[in-house]
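Visitor: Hi! I have a structure open and would like to talk it through with you. Could we start with the strands and then wander a bit?

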Amino acid sequence: MRYAPLAIIAALACAVALPSQASADVEIVTEKFKLDPVGGFDVVQKVRGGAPRPSTSAGHIVEIEADIVDGEGKPIPIDRLMLHHIVFLNIGRVDQSCNTITGFDGLQAAPGVERFFAAGEERAKVKLPEGYGYDLSDQTPGDGFPDSWAVLYMVMNHRSGPETDAYIEYTMKIEDGVGLDEPIQSVIPWWLDAANCGADPIYNVKGGGAEDSESVRSRDFYLNPDRLGATGGRIVAGGGHVHGGAYRLDISRPACPNDDGPFFSSVPKWGGPDHDFYKVRPILHEPGPVNMSAFRSATGFPVQAGQSLRLDSVYDDSQPHTRVMGISVVYIAPDNNVDEPCQALPLDNEVETLGPDPDDPSYREEPIPFTIPLVGEDPTSETGYTEMKNPPGDLKQVKDGTKIKVTNVNSLPKPNLKIHQGDSLKWKFRNSRSNLHNITLANGPQAIGSPNLSLDQAGSPRVFEKRFRKPGQYRLFCALHPTLMHERVVVKK
């Protein structure tokens with residue numbers, strides 16, 4: 001079935017064959033497309049249809065990576081423009097995990113097309129074991145056209161002026177399989193996501209736990225035999241994506257009691273306190289890791305069709321962490337020899353870091369605590385912004401259940417509020433769906449993070465309500481308009 005482009009994320013699919021021990025002809029292919037202009041300090045979330053893909057349809061992608069570059073092909077530094085994440089979609093194939101995926105506004109739903117590659121600030125890469133690849137041939141019988149691609153991306157301009165010369169560039173290593181003793185075995189991407197089936201799959205870690213306490217969000221993923229096309233398969237590669245405060249992502253087979261814990265953990269590495277991730281302003285969420293570990297296994301981890309995988313997204317729970325993610329993309333080769341659960345795990349698993357500078361001695365194993373500041377625009381400053389302790393304006397006492405109107409004007413009408421412990425506030429989003437807003441904690445006692453909200457499809461306001469049970473100062477902002485929309489809520493005992 002062929003789908004039209006949509007607001008979503010991505011995975012991979014294919015046929016079955018035995019991995020080859022010979023070498024195939026290899027071609028390095030680089031494609032790119034230009035981003036629409038990004039205004040000063042703007043955040044852009046977008047799905048772009050018609051993303052360029054390799055012209056060949058007779059090979060397999062065995063490696064892929066992506067970056068954001070300028071017109072000369074030079075990587076753009078993050079103090080100019082940050083690629084928060086990008087997801088590649090194959091419109092002609094069906095996703096293994098999601099029948100539908102909701103858009104950035106949480107309202108629009110589109111068919112779940114295959115999410116086959118993704119990268120975040122850590123610039124994850126995919127490198128499949130020898131003999132395996134992502135099939136480039138058309139998967140729609142009879143139409144004779146290659147599957148079309150789309151991309152979903154989020155970028156942030158860290159300068160006050162517009163960005164007009166930026167491109168997404170992606171490089172693929174493609175093997176054609178000609179002359180091999182055995183054909184390259186195709187893999188299917190399997191998207192595992194703690195929040196799942198959304199274009200903006202974020203959640204919040206409340207915080208307030210003991211030192212070294214963990215917040216674990218678990219989700220099971222059923223291996224669909226119809227989509228797999230086999231009785232089972234072997235997971236031959238995978239990696240992960242997290243945000244600030246994460247400890248790891250664990251992947252396990254919950255139906256197999258003899259497994260000694262997860263069969264793989266994707267572990268982040270963090271830049272030191274002087275890393276650029278901690279210096280850019282504004283900051284939309286805690287700085288993410290500089291690297292994540294990935295794995296490859298030519299034998300593969302066996303999973304029977306009808307069986308489930310479990311993803312555990314593990315974060316620090318001593319501090320609040322807002323708008324976090326827990327995502328792993330694994331690649332499974334269909335295999336009819338996997339016809340019973342809990343077959344033996346492989347011994348050839350190779351773990352490595354496929355991001356930039358994996359051996360940098362300044363990188364750390366533990367997340368670095370970080371306080372997100374409120375940042376406002378300041379035309380008189382050399383940088384165009386200024387950090388502020390609180391939004392301007394007087395602190396006003398309001399009653400329990402006070403409603404705050406959020407409109408198309410990119411500001412919040414009640415920037416400094418005081419309430420009693422246990423009181424609630426209600427934000428009513430009257431803004432249009434083309435100008436989404438959210439309420440996000442910058443710093444304070446407990447996590448707050450609303451979905452992206454607006455008027456609903458019938459034109460009625462959607463409401464986000466928060467009851468404040470812990471006293472303290474909550475500094476809030478809109479993560480889509482971080483230099484314009486701020487609010488402080490002082491909660492008194």
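**Strands, links and spaces**

Guide: Happy to! Let's begin with a facing pair: Val44 sits opposite Val155, a residue of β10. One thing to keep in mind is that this is a predicted model.

Visitor: Which strand does β10 pair with over eight bridges?

Guide: That is β2, residues 43–51, and the pairing is antiparallel.

Visitor: And how many bridges are there between β4 and β10?

Guide: Nine, again in the antiparallel sense. Within that pairing, Phe88 stands opposite Val151 of β10.

Visitor: So is β10 largely enclosed or not, and why?

Guide: β10 covers residues 149–157, and nine of its nine residues are buried, so the strand is largely enclosed by the rest of the structure.

Visitor: Which way do the side chains of β10 point?

Guide: Trp149, Val151, Tyr153, Val155 and Asn157 point one way, while Ala150, Leu152, Met154 and Met156 point the other way, and all are buried. In a regular strand, side chains alternate between the two faces of the sheet.

Visitor: Nice. Switching topic: how many disulfides does the structure hold?

Guide: Two. Counting bonded cysteines along the chain, the pattern is 1-2, 3-4.

Visitor: Tell me about Cys98 and Cys197. How far apart are their sulfur atoms?

Guide: They are 2.0 Å apart in that disulfide. The link is left-handed, with -95° about the S-S bond. It ties together distant parts of the chain, 99 residues apart: Cys98 is in the loop between β4 (81–94) and β5 (100–102), and Cys197 is in the loop between β13 (188–193) and β14 (203–205).

Visitor: Is Cys98 buried or exposed?

Guide: Cys98 counts as buried because its relative accessibility is 0%. Its partner Cys197 has 22% and counts as partly exposed.

Visitor: What about the disulfide of Cys256 and Cys342, what is the S to S distance there?

Guide: It is 2.2 Å. This link is left-handed too, with -100° about the S-S bond. Here the pair links distant parts of the chain that are 86 residues apart, with Cys256 in the loop between β17 (246–252) and β18 (264–266) and Cys342 in the loop between β23 (326–334) and β24 (350–353).

Visitor: And how accessible is each end, Cys256 and Cys342?

Guide: Cys256 is buried, with a relative accessible area of 5%. Cys342 counts as partly exposed at 33%.

Visitor: Let's look for empty space. How many cavities of 30 Å³ or more are there?

Guide: The count comes to six. The largest cavity holds about 350 Å³ of space.

Visitor: Which residues lie nearest the centre of that largest cavity?

Guide: Ala118, Ala124, Gly239, Gly240 and Val329, out of 32 residues in the lining. The elements giving two or more residues to this lining are β4, β7 (113–120), β8 (126–127), β16 (232–242), β20 (291–304) and β23. The largest share, five residues, comes from β16.

Visitor: Now Asp105. Where is it found?

Guide: Asp105 is in the loop between β5 and β6 (109–111). At 8% relative accessibility, Asp105 counts as buried.

Visitor: Which residues is Asp105 in contact with, leaving aside neighbours within four places in sequence?

Guide: Arg433, Leu436, Asn452 and Arg462. The C-alpha atoms of Asp105 and Pro451 are separated by 7.8 Å, although these residues are 346 apart along the chain. A polar atom of the Asp105 side chain also lies 3.2 Å from the backbone nitrogen of Gln108.

Visitor: Ser424 next: which side chain does its own side chain make a polar contact with?

Guide: The side chain of Glu465, at 3.2 Å. Ser424 is in strand β30, residues 424–429, and it counts as buried at 1% relative accessibility. Its contacts beyond four places in sequence include Lys399, Asp400 and Arg467.

Visitor: Last one. What is the strand order in the open sheet of five strands?

Guide: The order is β27-β29-β34-β33-β31, with mixed pairing. The edge strands, each pairing on one side only, are β27 (396–397) and β31 (440–443). β31 pairs with β33 (residues 472–477) in the antiparallel sense over three bridges, and Asn443 has Arg475 as its bridge partner in β33.

Key. Residues numbered from 1 in each chain as written. Predicted model: local features only at pLDDT ≥ 70, side-chain atom pairs only at ≥ 80, totals over all residues. Heavy atoms only, no water. Disulfide = S-S within 2.5 Å. Helix = DSSP H or I, 4+ residues; strand = E, 2+ residues; numbered from the N terminus. Buried < 20%, exposed > 50% of the residue type's maximum accessible area, 1.4 Å probe, protein only. Pairing = 2+ DSSP bridges. Contact = heavy atoms within 4.5 Å. Polar contact = N/O pair within 3.5 Å; in protein donor to acceptor, adjacent residues only side chain to side chain. 1 Å grid on protein atoms, 1.4 Å probe; cavity = no way out; pocket = protein on both sides within 12 Å on 5 of 7 lines; lining within 4 Å. Points joined across faces, edges and corners; volume = space filled by probe spheres on them.
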